[in-house]
Amino acid sequence: QVQLVESGGGLVQPGGSLRLSCAASRTIFTFNFMGWYRQAPGKQRELVAAFTSGGSTNYADSVKGRFTISRDNAKNTMYLQMNSLKPEDTAAYYCNVVYIGYGYWGQGTQVTVSS
């Protein structure tokens, strides 16, 4: 069993930056998927950024060049660095880990980009 807790969301002005964190309750040695999703009101949940089990990264076209996914294995934590934020980035952000065949989700953290 893995518990995931997101943090770092908040209100930020357009052009600003935030760093989201996703802390896992235990070390994850292997995984099938690890990444960040977001969901805005009235819209489908979309994949924002992810690691693959092969070690590569993948980003949605809308965030390429602005967002960076990373992780610190020693801290059991995954991060999403978000720069040059736009109003359309406003959403609830969720981390997700597929581990031993089961998908684990965090509770979500709200990001609001507004002047």
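**Nonpolar core and two positive-phi loop residues**

In this predicted model, Trp36, Leu80, Met82 and Tyr93 touch the most other members of the largest nonpolar core, which has 32 residues. A nonpolar core is here a set of buried Ala, Val, Leu, Ile, Met, Phe, Trp, Tyr and Cys residues joined through side-chain atoms within 4.5 Å. Buried denotes under 20% relative accessible area, exposed over 50%, and partly exposed in between, with a 1.4 Å probe and protein chains only.

**Strands contributing to the core**

- At least two residues of this core come from each of β3 (18–24), β4 (33–39), β5 (46–52), β7 (67–72), β8, β9 and β11 (109–113).
- β9 provides the largest share, 5 residues.
- Strands are DSSP runs (E, at least two residues), numbered from the N terminus.
- In soluble globular proteins, nonpolar side chains tend to be buried together.

**Ile100**

- Ile100 occupies the loop between β9 (91–99) and β10 (102–105).
- Although not a glycine, Ile100 has a positive phi of about 50°.
- Ile100 is exposed, at a relative accessible area of 69%.
- The C-alpha atoms of Ile100 and Asn32 are 7.8 Å apart in space, while the two residues are 68 apart in sequence.

**Ser84**

- Ser84 is found in the loop between β8 (77–82) and β9.
- Ser84, which is not a glycine, has a positive phi of about 50°.
- With a relative accessible area of 40%, Ser84 is partly exposed.

**Basis of the values**

- Residues are numbered from 1 along each chain as its sequence is written, and side-chain values use heavy atoms, without hydrogens and water.
- Local features need pLDDT of at least 70 and side-chain atom pairs count only at pLDDT 80 or more, whereas totals for chains, interfaces and linings use all residues.

How values were computed. Helix = DSSP H or I, 4+ residues; strand = E, 2+ residues; numbered from the N terminus.
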